[in-house]
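I opened the file to look up two things: a helix packing and a metal site. My entries follow in the order of the look-ups.

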Amino acid sequence: MSEHAQRKVLVVEDEEALAVALRDALVHGGCTVEVVADGALALDAIRAQQPDLIVLDLMLPGMSGLEILAALRAEGIRARVLIVTALADEEDLLRGFQAGADDYLTKPFSPRELLARVEAQFRRVEMDAAPPEMLDLPGGIQVDLARLEVHRDGKVIALTPREGDILKYLIRHRDHVVTRDDLLLDVWHYQSANVETRTVDIHIVGLRRKVEPDPAQPSLIQTVRGKGYRWHESA
Ligand code: CA
């Protein structure tokens with residue numbers, strides 16, 4: 001997988017051996033993975049962890065996969081859901097899709113098949129999250145990401161290509177913490193993030209001056225203490 005920012009996956013699976021196999025394959029594929037084995041606990045875990053993708057077994061103790069799916073969609077949770085099922089029953093799958101599943105895998109499947117499906121879901125997550133070319137920010141600030149221009153207070157301020165890349169990266173991972181290491185690896189393309197550098201922080205300061213309505217009180221590029229930064233636009 002090309003990007004290092006968290007790809008959070010929650011595996012809901014009660015068969016321990018399969019749960020371990022799923023977790024190992026996903027970790028190997030670059031994901032951050034949590035596992036829950038009980039349907040009734042799954043919803044709490046989903047609410048608490050806000051995964052990007054849920055790998056959901058249908059036959060679970062406590063609450064079935066379909067019930068979980070219906071409940072999370074009813075709450076407006078938009079995480080992608082990949083159903084895993086022993087039943088290749090058309091009716092079950094149909095109900096799964098109607099309840100808001102994005103894709104399914106029939107047991108048994110290989111780690112490779114799993115990762116191919118997961119990768120496809122993340123491509124869609126990233127496409128959905130791709131920033132528009134023109135951003136309307138609070139304070140009447142407009143950012144033209146194609147031309148790398150910020151329009152504010154009747155003036156045009158140029159963004160550097162690096163600032164543009166950072167901004168797009170933060171927005172693509174909106175509402176998720178992006179670490180300095182993520183930025184060094186994915187935006188600067190460092191081979192290793194084991195470098196002592198204030199480069200990221202200095203760029204963030206510069207970017208805030210250009211795009212934040214009040215750069216002294218940043219609201220869009222939030223500092224997450226001890227972790228990194230997060231792009232957040234309040235609704
Ligand atoms: Ca099961």
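Before reading any angle, I wrote down the rule: an angle between helix axes of 65 to 115 degrees counts as roughly perpendicular. I also noted that this is a predicted model.

Entry, helix pair. I looked up H6, residues 161-172, against H8 and found a packing angle of about 85 degrees, with the axes 10 Å apart. That angle falls in the range from 65 to 115 degrees, so I put the two helices down as roughly perpendicular to each other.

Entry, contact residues. From H6 I listed Arg 162, Glu 163, Ile 166, Leu 167 and Leu 170; they meet His 203, Ile 204, Gly 206, Leu 207, Lys 210 and Val 211 of H8. By class I have 6 nonpolar, 2 polar and 3 charged residues in this contact.

Entry, H8 alone. I find 13 residues in H8, running from 199 to 211. From first to last C-alpha the helix reaches 18 Å, close to the 18 Å expected at 1.5 Å a residue. As buried residues of H8 I recorded Val 200, Asp 201, Ile 204, Gly 206, Leu 207, Arg 208, Lys 210 and Val 211.

Entry, metal site. Which residues coordinate the calcium ion? I found Asp 14 and Asp 57, each through OD, and Met 59 through O, at 2.1 to 2.3 Å. I noted the sequence spacing of these donor residues as D-x42-D-x1-M.

Entry, accessibility of two donors. I looked up Asp 57 and read a relative accessible area of 2%, which means buried. For Met 59 I read 56%, so I marked Met 59 as exposed.

Definitions and conventions:
Residues numbered from 1 in each chain as written. Predicted model: local features only at pLDDT ≥ 70, side-chain atom pairs only at ≥ 80, totals over all residues. Heavy atoms only, no water. Helix = DSSP H or I, 4+ residues; strand = E, 2+ residues; numbered from the N terminus. Expected span 1.5 Å × (residues − 1). Buried < 20%, exposed > 50% of the residue type's maximum accessible area, 1.4 Å probe, protein only. Donors = N, O, S within 2.8 Å, 3.2 Å for Na, K, Ca; no water. Axes fitted to C-alpha atoms, helices over the stretch in contact; angles between N-to-C directions. Parallel < 35°, antiparallel > 145°, perpendicular 65-115°, else oblique. Contact = heavy atoms within 4.5 Å. Nonpolar A, V, L, I, M, F, W, Y, C, P; charged D, E, K, R; others polar.
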